[in-house]
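Trainee: I'm new to this one and would like to know what stands behind the labels people put on it. Can we go through it together?

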Amino acid sequence: MDKYIIHGGNKLKGTVALKAAKNSVLALIAASVLTEEDVVLKNCPDLVDIANKLKIINSMGAKALYNGKDIFINAKNASNTDISNTLAKTLRSSFVLLGPVLARFKRAKVYLPGGCDIGARPVDIHLDALRKLGVRITENKNRIICDASAMKGGDIVFKYPSVGATQNIMMAAVCADGKTTISNAAKEPEVNDLQNLLNMMGAKIEGAGTSLISIEGVRKLHGAIYKPIPDRIAAGTLVIAVLACGGEVTVTNCCPYHIFSLFELLKNNYCSVDYGDDIITIKSDGRLAALPDIFTDPYPYFPTDLQPQITALSALCYGTTRITEKVFEKRFNHVKELEKMGAQIYVNDKTAIIRGIDEYKGAEVTARDLRCGAALVIAALNAKGISIVNDVDYIDRGYENFEETLKGLGADITRVRECRRKSLKKIFDK
Ligand code: EPZ
């Protein structure tokens, strides 16, 4: 895997235009399987997770391509409903193909997505809901075989507002006979985005953004050209980076109200946050007072996907900050790495207690997952001296050209590509 060499201490200055949200585009790609007509998704970022999702739907027989800006998909010839584990294992979001595949083909064979560095990531909410819609599901080790020939609408109550399960069931039910309701549905903006695309394709869905979503089954969906919402986690990551390094950065093509939970934490602190409809300007001299107690929770509360980043920032605040991770059971992999850079963090079960230090010191650290990687980069940009961040390929999953973006804002960051030595055998075999 590649690494970053970062010489910390530079302030960040400049403007960044955001692209479409990874966590929305991944669901919208799945929705394209529901029609035989073209679906175009505009202004999408060049991310590993998006590339892998497109590979999966190509393996099903669809035609998907990305021209560096827009994604073009036509799933007319899709027919393979046996989704390969090799590809599925590359990203958890592959499981959010189950709903649309069942809606279109009435059958599917998928693998249980494994757990990952942040938790067990079960899919019981997805499967219980599909069973309530009449899908016959057999589980054989980590294989899930589904028969949706008798699927019809029904009333579902989620035990937890799972984002992926909400998206899966919206798509499973979109052409089912009758009406489906999802109570305790996820309210994330990415769910709203999916409702907007599906309705543009001819679906009849209401309520996304609230806890109650209703889906009236329709006969058929048609194609659409759609511009997904900007990436709220990329926006929040940039805002937190400026707060950690100091400087003044403007983020354009964003939705400020998607991260009001972050702005709430910054009220009456030593920074200024100005925003308009699709723009944020963040100014800071790089030192904040301790933040109020932070709890990650489903939208509209503070997002778990910004927790590693704000943990890195909290270590630089005067005083002590407490952060409780309520969404995933083990999302503190970044703590050990931040401690190598001088952070003083005590983790007790789901709560991290972070005592402020003056500045990080350069060190060699390793990204354990996507958002952990972003947090380590933020710390390294602040650190006195040189840091090495290993395994930055994780960051490519969710941030487009992260090092170029930061370099453009004045950061001293270089990517060192690990020479991918071919095995001797391959060299001799060629
Ligand atoms: C989505 O994952 C995002 N990924 C995650 O972002 C994000 O952290 C998460 O939502 C929460 O906001 C994508 O959209 C691709 P969940 P998802 O189902 O849908 C439990 C990133 O960094 N749960 O809302 O998998 C689960 O274990 C990624 O971009 C069950 O118990 O999240 C977790 O504790 C990381 N049973 C909680 O719910 C289920 O059947 C939230 O999971 C499903 C989930």
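Mentor: Sure, let's start with Pro-300, which sits in the loop between strand 17 (294-295) and helix 10 (307-314). Keep in mind that this is a predicted model: local features need pLDDT of at least 70, side-chain atom pairs count only at pLDDT 80 or more, and totals for chains, interfaces and linings use all residues. Residues are numbered from 1 along each chain as its sequence is written, and side-chain values use heavy atoms, with hydrogens and water left out.

Trainee: What makes a stretch a helix or a strand?

Mentor: Both are DSSP runs, numbered from the N terminus: H or I over at least four residues for a helix, E over at least two for a strand. As for Pro-300, a cis peptide bond joins Tyr-299 to it, with omega at about 15°.

Trainee: Which residue has a positive phi of about 55° although it is not a glycine?

Mentor: That's Lys-141, found in the loop between strand 7 (136-140) and strand 8 (143-147). Asp-391 also has a positive phi without being a glycine, about 60°, and its place is the loop between strand 22 (386-390) and helix 13 (402-408).

Trainee: Why is Lys-141 called exposed?

Mentor: Its relative accessible area is 76%. Buried means under 20%, exposed over 50%, and partly exposed in between (1.4 Å probe, protein chains only), so Lys-141 counts as exposed. Asp-391, at 24%, is therefore partly exposed.

Trainee: And what makes Arg-232 buried?

Mentor: Its relative accessible area is 10%, so it goes into the buried class. Arg-232 lies in helix 8 (residues 232-245), and its side chain makes a polar contact of 2.8 Å with that of Glu-190. A polar contact is a pair of N or O atoms within 3.5 Å; within protein, one must be able to donate a hydrogen and the other to accept it, and residues adjacent in sequence count only if both atoms are side-chain atoms.

Trainee: How many disulfides does the structure hold?

Mentor: Zero. A disulfide is a pair of cysteine sulfur atoms within 2.5 Å. The sulfur of Cys-146 has its closest cysteine sulfur, in Cys-175, 17 Å away, so that is too far for a bond. Cys-271 is in no disulfide either, with the nearest cysteine sulfur, that of Cys-317, at 9.5 Å. Cys-146 is buried at 3%, and Cys-271 counts as buried at 18%.

Trainee: Now the ligand: how many residues surround it?

Mentor: There are 23, and the closest are Asp-124, Ser-162, Gly-164, Asp-305 and Val-327. A residue is near if one of its heavy atoms lies within 4 Å.

Trainee: Which atom lies 2.6 Å from an oxygen atom of the ligand?

Mentor: A backbone N or O atom of Val-327. Likewise, a side-chain N or O atom of Asp-124 is 2.7 Å from a ligand nitrogen, and a polar side-chain atom of Arg-92 lies 2.8 Å from a ligand oxygen. Taken alone, the ligand exposes 820 Å², and the protein buries 87% of that.

Trainee: Why does the ligand lie between domain 1 and domain 2?

Mentor: Domain 1 (3-12 + 287-416) and domain 2 (22-226) both give residues to its shell, so the ligand lies between them. Those bounds come from an automatic or database domain assignment.

Technical notes:
Accessible areas come from the Shrake-Rupley method with a 1.4 Å probe; for residues, only the protein chains shown count as cover.
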